[in-house]
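Please open the model in your viewer and keep the selection tool at hand, since this tour moves from one selection to the next.

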Amino acid sequence: MFLTFVNLAKSKSKAVLVQMVSAAGTGYSFNAKRNRLKPKMVLRKLDPIVKQHVLFVEHKKIRAI
């Protein structure tokens with residue numbers, strides 16, 4: 001009996017973890033998950049430092065999920 005070793009390539013993950021930074025310039029940020037094939041994310045969410053809803057833009061990719 002012969003056992004053969006098959007090296008299977010890893011598939012790319014479907015999601016990526018990104019850092020979202022407040023556009024108000026407060027420096028507040030959080031991490032969000034988005035689909036790898038989608039364009040960069042922009043969200044409207046509460047910034048607790050200015051206590052208002054502001055835009056959060058994608059700053060950088062953290063890692064693949």
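How many aromatic pairs does the structure hold? In this predicted model, there are 2 aromatic pairs, and the stops below visit each in turn.

Begin by selecting Tyr28 and Phe56, whose ring centres are 6.1 Å apart and whose planes stand at 75°, an angle over 60, so the pair is edge-to-face. Now show the backbone around these two residues: Tyr28 belongs to the loop between strand E1 (15–22) and strand E2 (29–35), while Phe56 sits in strand E4 (residues 52–64), so the pair ties together parts that are 28 residues apart in sequence.

Buried or partly exposed: which word fits Tyr28? With a relative accessibility of 30%, Tyr28 counts as partly exposed, whereas Phe56 has 0% relative accessibility and therefore counts as buried.

Keep Phe56 selected and add Phe30, because these two form an aromatic pair that is also edge-to-face, with 5.1 Å from centre to centre and 65° between the planes, which is over 60. This pair, too, links distant parts of the chain, with Phe30 in strand E2 and Phe56 in strand E4, 26 residues apart. Both Phe30 and Phe56 are buried.

Next, display Tyr28, Phe30 and Phe56 together, and you will be looking at one aromatic cluster.

For the last stop, select Lys45 along with Phe30: Lys45 lies over the face of the Phe30 ring, at 4.1 Å from the ring centre.

Technical notes: Residues are numbered from 1 along each chain as its sequence is written. This is a predicted model: local features need pLDDT of at least 70, side-chain atom pairs count only at pLDDT 80 or more; totals for chains, interfaces and linings use all residues. Side-chain values use heavy atoms; hydrogens and water are left out. Rings of Phe, Tyr and Trp (its six-membered ring) pair if their centres lie within 6.5 Å; planes under 30 degrees apart count as stacked, over 60 as edge-to-face and the rest as tilted. Helices (H or I, at least four residues) and strands (E, at least two) are DSSP runs, numbered from the N terminus. Buried means under 20% relative accessible area, exposed over 50%, partly exposed in between (1.4 Å probe, protein chains only). A charge sits over a ring if NZ of Lys or CZ of Arg is within 6 Å of the ring centre and within 35 degrees of the ring normal.
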